[in-house]
Amino acid sequence: MTSSERVVVVGFGPVAARFIDVLEPSLASGAVRLTVIGSEPEAAYNRVLVADVGVGRTSPSAIALSDAARLASLGAEVLLGSGVRRIDRARRQVQLDDGTVRPYDRLVLCTGARPVIPYLAGLNPDPLHPALPAGVTALRDLADARSLRSVVERRGDVVILGGGILGLEAALAAAEEGARVTVVHHGDYPLARSIDDGGGRVLASALRSQGVRLVSGAKAVALEHSDGGAFTALRLDDGRLVSGDLLVLSCGVRPRVELAEGAGLPVDTGILVGHFLQAHHDEHIYAIGDCAEVRCTSVGCADCQGNTAPSGLIGPGWKQAEWLAEVFAGSLGADAAGPSGSVEPLGADFSSTGVRYVETALPPVLMLKARGLDAVVAGDVSADPWTAQEDGTAVALWADPQQGSYAKMVTRGGVLRGLVCVGLPRAAAELVLLFESGAVLPADRSALLRLDGAEAAAAAPSSLAADPAGIVCRCAGVSRGSIEQAAVVGCSSVAEVSASTRAGTGCGGCHSDIRAIIEQHFEHHPVEL
């Protein structure tokens, strides 16, 4: 890379914001001429928290991740409400929807993922350009949040199609704020593809106790509309109608690959990139985040075995953004160390450094965090507790359906290989730590359940809370020790800790843990007035 490199970033979501944040010293020094192209009228914000905006728990400004005016003051060109029509790889330029072009030396694709739009009668089936009728939203952006807010404020009827984590969190939030909420989903209970039978039934019961109506084992086939074309009801295959003022589609997401595919770049589930996050066969184009699939061209590469599809989680995308921005900054001679500690000036091909990006994401853990209800599922939880397993698998179970509590621990050789935890937040935190570290569970499994007892709550925190290296914020990979240090230097709120450490800027599920650490610190180190 030469000095004053032209870097064009397509997409302005959370991953792009993190990339730009790390690259900012290069921008400020003039080493980079940056162009950011975002299709939305707003700069990057935390998309995971859109539902919280929709029910009035937070504001758009509170979930903002970037300031377009500040970037412009540093010399960046920020184009909001703009789309890219095509990539001209031969001329190394992108053509915008208005016909203008922007040249690049490095093109970074952060196009993210789009919501899956199911094929229902009365719903536009075009997945690339969905024109949703009035009263239907995918709850992906701030415009969707405003639609939800208007219904919640008048305590209307919200129908959510899909029983995944994001749909359930939106359902619980809307129900708590006074809306009448119905979740329509496949399977006998929500999260049916991930959770076991006992945990699923306890979860379903807990959701109902929180005011969420469930329509289980259902298949939606069509939408009913008013004379004006607005949504009025969801029709099921058995003829039933689920009426509502707003339909929220929560049917998953798919990586946005059409721009790369139109440019002739190889794609599979995502845009295929190698271990330097460069697109296959084009050293000037990179992809990171939900649109990127890290799979190199080497046959038999050990790091590319198994499922390489994008995880759909914000944490891995942030790690990719930081890694790539550090490499860029190091190659430009900016004051930023690369992933190996130092990066020498590079040519177009980063492979000469020997520094490779390898996916090192923690094992996938599904976390449902809501006021009054939490659930965690991880690993393989299919083992039957009443059937002897030849491979040494053992299962421990505990359930109190009336209290909405359930735990299942699947071990092999004493090591936790799968877990389900509903309504036991302290035990869940401890089990997640043990699952991710590969530690052996205590012989008395019931000791873990006592963490949620009244005596344990008033006593010392669990080992997760006590371990400075224990990860509190999974999205940003921030440890308890880092949060404690932020409190030591004066951070006294979740917002201040987030600004200092980035903890809590992802899904928001760790906010209560961050708050508890802050309170514990100031309890022992009171501020002198």
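This note covers one sheet, the helix across it, and one loop residue.

1. Basis. The model is predicted: local features need pLDDT of at least 70, side-chain atom pairs count only at pLDDT 80 or more, and totals for chains, interfaces and linings use all residues. Residues are numbered from 1 along each chain as its sequence is written, and side-chain values use heavy atoms, with hydrogens and water left out.

2. Sheet. Five strands (E, at least two residues, DSSP runs numbered from the N terminus) form an open sheet of 5 strands in the order β21-β22-β25-β24-β23, paired antiparallel. Pairing needs at least two DSSP bridges between two strands. β21 (365-370) and β23 (393-400) are the edges, each pairing on one side only. β23 joins β24 (residues 405-412) through 8 bridges. W398 has A407 of β24 as its bridge partner.

3. Helix α9. This helix (H or I, at least four residues) lies across β21, β22 (373-379), β24 and β25 (415-422), at about 155° to β25. Angles run from 0 to 180 degrees between N-to-C directions, with axes fitted to C-alpha atoms, for helices over the stretch in contact. The end C-alpha atoms of α9 (residues 425-437) are 18 Å apart, which agrees with the 18 Å expected because its 13 residues rise 1.5 Å each. Its buried residues (under 20% relative accessible area, 1.4 Å probe, protein chains only) include L431, V432 and F435. G438 follows, with positive phi near 70°.

4. Loop residue T111. T111 sits between β7 (106-109) and β8 (113-115). Its side chain reaches the backbone oxygen of R256 at 3.0 Å. Beyond neighbours within four places in sequence, T111 contacts (heavy atoms within 4.5 Å) V10, R256, I271 and C291.

Terms used. The expected span of a helix is 1.5 Å times one less than its number of residues. Buried means under 20% relative accessible area, exposed over 50%, partly exposed in between (1.4 Å probe, protein chains only). A polar contact is a pair of N or O atoms within 3.5 Å; within protein, one must be able to donate a hydrogen and the other to accept it, and residues adjacent in sequence count only if both atoms are side-chain atoms.
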